[in-house]
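This report looks at aromatic rings and at one loop position in a single protein chain. Please read it alongside the sequence and the coordinates.

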Amino acid sequence: MKFISRVLFCCFALNAFFLRADNIDEIVARIGETGYTSLSAAFSQVKDKETIILTKDIELESAFSISGSKTVTLNCGEYTLSSKVGLRNYTSIGKDAGENFCIIEGFKLIISGGNFSGITFSAKSTSTKTSTLTVEGGTFLNCELFAFDYNSKVTINGGEFQGGVILSRTHTQPNNSAIKTVAEINGGQFNSVKCYVRPYHTSMYDEMNRYGGIFNGCDIRSYNGNCSKLTIGREGDSSILKFENCDIYSFIGSSSYEPKTTILRGDFSNCKLG
């Protein structure tokens, strides 16, 4: 009887081992020691202040949303997060903006590293819940980063960006200077990136602040609203802030629009300022 029990125990142990091996092959992300077979499963289980780490390349098959009042870090490491969902058209963004990778319901996402391709990250807030996106590092190929409505904010402190769009955009928020959508760049390298402040209505408040970073061949605009504000540089700040082959200007759609562009500091080489 003891012999039979030992045999059965060994069989169960071997079976469990091979099941774990199969699961390891299917794991695409981890939170601590726990593995998940999809990114959505990892985000559904992640707790406040935890980190999700990719263990494989992931291509999103459909629109992706993360929600909840928590702060979570995403690190893709050596792997790439991409999407089959097409990028948004920044000129026609409406209430459905950011269907590619949408950050909603007060979620605060921090990206600390990894590779990203063709992803539209959209931080969308409501009157009661503020969503934010903070980028500390990583490489971004043809990605779009949107701060969308109310007090939504995209903050970029580092990373490498090739192509794509960084946008501060309002659509439904009220005419109130205390409520503003902000995109802030404090560091990073940006090549051929479109950086736009684009309120949906002339009385909505949008800001884009560039306090640090290296920009090459970028199109930087403040337009389409009296409350649209673009600020470059900060007095007393010694951060690296360089622009080469960039167009920096306020776009005035009609005589009633007065978007504001303020340049306080920075190194400019072969740039068009207007």
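## Rings, a charge and a loop

In this predicted model, the charged end of R234 sits over the ring of Y211, at 3.7 Å from its centre.

Aromatic rings also meet one another, and the count of such pairs comes to twelve. One of them joins F190 and F215, whose rings are stacked; this pair links distant parts of the chain, since F190 belongs to strand β17 (residues 189-191) and F215 to strand β20 (residues 213-216), 25 residues apart. F190 is buried at 1% relative accessibility, and F215 is likewise buried, with a relative accessible area of 1%. A stacked pair is also formed by F243 and F268, and it connects strand β23 (residues 241-244), which holds F243, with strand β26 (residues 267-269), which holds F268, across 25 residues. Here F243 counts as buried at 2% relative accessibility, whereas F268, at 29%, counts as partly exposed.

| Stacked pair | Centre to centre | Angle between planes |
|---|---|---|
| F190 and F215 | 4.7 Å | 10 degrees |
| F243 and F268 | 5.0 Å | 5 degrees |

These four residues are among the members of one aromatic cluster, which also includes F43, F64 and F101.

The loop position is D48, placed between α2 (39-45) and β3 (51-54). D48 is partly exposed, with a relative accessible area of 40%, and its side chain is joined to that of K49 by a polar contact of 3.1 Å. Leaving aside residues up to four places away in sequence, D48 touches K70 and T71; the C-alpha atoms of D48 and T71 are separated by 5.3 Å, although the two residues lie 23 residues apart along the chain.

Methods:
Residues numbered from 1 in each chain as written. Predicted model: local features only at pLDDT ≥ 70, side-chain atom pairs only at ≥ 80, totals over all residues. Heavy atoms only, no water. Helix = DSSP H or I, 4+ residues; strand = E, 2+ residues; numbered from the N terminus. Buried < 20%, exposed > 50% of the residue type's maximum accessible area, 1.4 Å probe, protein only. Contact = heavy atoms within 4.5 Å. Polar contact = N/O pair within 3.5 Å; in protein donor to acceptor, adjacent residues only side chain to side chain. Phe/Tyr/Trp six-rings, centres within 6.5 Å; stacked < 30°, edge-to-face > 60°. Lys NZ or Arg CZ within 6 Å of the ring centre and 35° of its normal.
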